[in-house]
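Visitor: I should like to learn how to read the salt bridges and helices of a protein model. May we begin with the charged pairs?

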Amino acid sequence: MNMLKPLALGRATKALVLALLGLNAALPAHADEYPSKTVTIVVPFTAGGSNDVLARTVGQKLSEYWKQPVIVENRPGAGGNLGTKLAAKAAPDGYTLLVVANNFVTNPFLYPDGRAGYDPVKEFVPITQLGRVPFVLVVNPNVAAKSTQELVALAKAQPGKLSYGSAGVGTPHHLTGELFKSMAGIDMVHVPYRGAQPVVADLLGGQIQVLFGVANSVLPHIKTGALRPLAVGGEQPLSYLPNVPTVASAGFKDFRSEVWIGLVAPTGVPANIAAKIEESVGRALRDPAVKASLEAQGLEPTPSTPAALKALMHEDTVRWSKVIKETGARAE
């Protein structure tokens, strides 16, 4: 009988340990223990764009705050769908985050029948807005138009002769161009590129004539005179382009378009970890040096609550899905 007691005790101890392990697994993750390893920020676009700049700038500060590596992984392809689908499949533990922009909510309409490969509402939760970048309507200096009205008149006189570029089918650049065409009643040929850098290069070279470019990608060329700004897409003129009017003031009162950039995580991330990420990102974006650096590149830091980002995404879903439907825009 005495020989059986150690065996019974061993079984009881094992059962207790297993019970405790199960209880521990059921407890929520502790934010003060996060992160304990490398955090990856997926950017579903090529390096060098606004999304990438924001991700790397914020990621560097997060690494300093958290004392853990924060790496940026560029996964471009399929208009942002490739990297987004990759992030959707990641464990919802806060160690994989995704930088998103307008196309995050418009791609499901541009790639119908589930071809986008993800659901922005069901598969992700908003963390915070990172920033916004206004669009600037620019032309190659060889174009005989010095204002929005003159560009519209030129396009009407030569239907189908002018071409405008974008960073890809379904990108904010593309949809903004389609919105402008629709409101102005003009015909310009859309030429999609793979990213913002090649489209600007061809605009400079004269292969295309018109672009709604994000401010940080075209501002250096405006300063040198290599590109001519006609208007800005936001509601107000820009402080660094004070003499450039808005598109709305040129007779298109309801025209408004800008790129917003946000941070999301796979659905299921613990709320306390999501809150820690939001707080840390907000701290980084409010850092005076970070703010000055981003603004010098035409990027406006706009940290927000998850609720504010969710509302913005809903607003853009309603607004741009209407444009997509009316213009018949589709991704191939």
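Guide: We may begin with a count: this structure, which is a predicted model, holds 10 salt bridges. One of them is formed by the side chains of Glu-258 and Arg-132, with N and O 3.9 Å apart.

Visitor: Which parts does the pair of Glu-258 and Arg-132 tie together?

Guide: The place of each partner in the chain gives the answer. Glu-258 belongs to strand 9 and Arg-132 to strand 4, so this salt bridge ties together parts that are 126 residues apart in sequence.

Visitor: Is Glu-258 buried or exposed, and what of Arg-132?

Guide: Here the cut-offs are needed: buried means under 20% relative accessible area, and exposed means over 50%. Glu-258 has a relative accessible area of 23% and is therefore partly exposed. Arg-132 also counts as partly exposed, because its relative accessibility is 32%.

Visitor: How many residues apart are Lys-181 and Glu-178, and where do they lie?

Guide: The general idea comes first. An α-helix has 3.6 residues a turn, so residues three or four places apart point the same way. In the present case, Lys-181 and Glu-178 are both in helix 6 (residues 172-184), 3 residues apart, or about one turn of the helix. Their side chains meet in a salt bridge of 3.4 Å, N to O. Both Lys-181 and Glu-178 are buried.

Visitor: What does the salt bridge between Glu-315 and Arg-256 link?

Guide: The closest N and O atoms of Glu-315 and Arg-256 are 3.1 Å apart. This pair links distant parts of the chain, 59 residues apart: Glu-315 is in helix 11 (residues 306-327), while Arg-256 is in the loop between strand 8 (228-232) and strand 9. Glu-315, at 40% relative accessibility, counts as partly exposed, and so does Arg-256 at 21%.

Visitor: Which residues are joined into one network by salt bridges that share partners?

Guide: Lys-61, Glu-64 and Asp-287 are joined in this way.

Visitor: Let us turn to the helices. On which side of helix 3 are its buried residues?

Guide: One begins by listing them: helix 3 (residues 81-88) has Asn-81, Gly-83, Thr-84, Ala-87 and Ala-88 as its buried residues. They lie on the same side of the helix, because they cover an arc of only 165 degrees around the axis. Among the elements that cover these buried residues are strand 1 (39-43), strand 3 (96-101), helix 4 (103-110), strand 4 (124-139) and strand 9 (258-266).

Visitor: How are helix 9 and helix 10 oriented to each other, parallel or perpendicular?

Guide: The crossing angle of the axes decides this, and angles of 65 to 115 degrees count as roughly perpendicular. The axes of helix 9 (residues 271-286) and helix 10 (residues 288-296) cross at roughly 70 degrees and come within 5 Å. The two helices are therefore roughly perpendicular to each other. Helix 9 contributes Ala-284, Leu-285 and Arg-286 to the contact, and helix 10 contributes Pro-288, Val-290, Lys-291 and Leu-294. By character, the residues of this contact are 5 nonpolar, no polar and 2 charged.

Visitor: How many helices and strands does the protein have, and what share of its residues is buried?

Guide: The protein has 11 helices and 10 strands, and buried residues make up 50% of its 332 residues. Among contacts between residues at least 6 apart in sequence, 78% join residues at least 24 apart. Along the principal axes, the C-alpha atoms fill a box of roughly 105 × 45 × 30 Å.

Methods: Residues are numbered from 1 along each chain as its sequence is written. This is a predicted model: local features need pLDDT of at least 70, side-chain atom pairs count only at pLDDT 80 or more; totals for chains, interfaces and linings use all residues. Side-chain values use heavy atoms; hydrogens and water are left out. Axes are lines fitted to C-alpha atoms, for helices over the stretch in contact, and angles run from 0 to 180 degrees between N-to-C directions. Helices (H or I, at least four residues) and strands (E, at least two) are DSSP runs, numbered from the N terminus. Angles under 35 degrees count as roughly parallel, over 145 as roughly antiparallel, 65 to 115 as roughly perpendicular and the rest as oblique. Contact means heavy atoms within 4.5 Å. Ala, Val, Leu, Ile, Met, Phe, Trp, Tyr, Cys and Pro count as nonpolar, Asp, Glu, Lys and Arg as charged, and the others, Gly among them, as polar. Buried means under 20% relative accessible area, exposed over 50%, partly exposed in between (1.4 Å probe, protein chains only). The arc is that of the directions from the helix axis to the C-beta atoms. A salt bridge is a side-chain nitrogen of Lys or Arg within 4 Å of a carboxyl oxygen of Asp or Glu.
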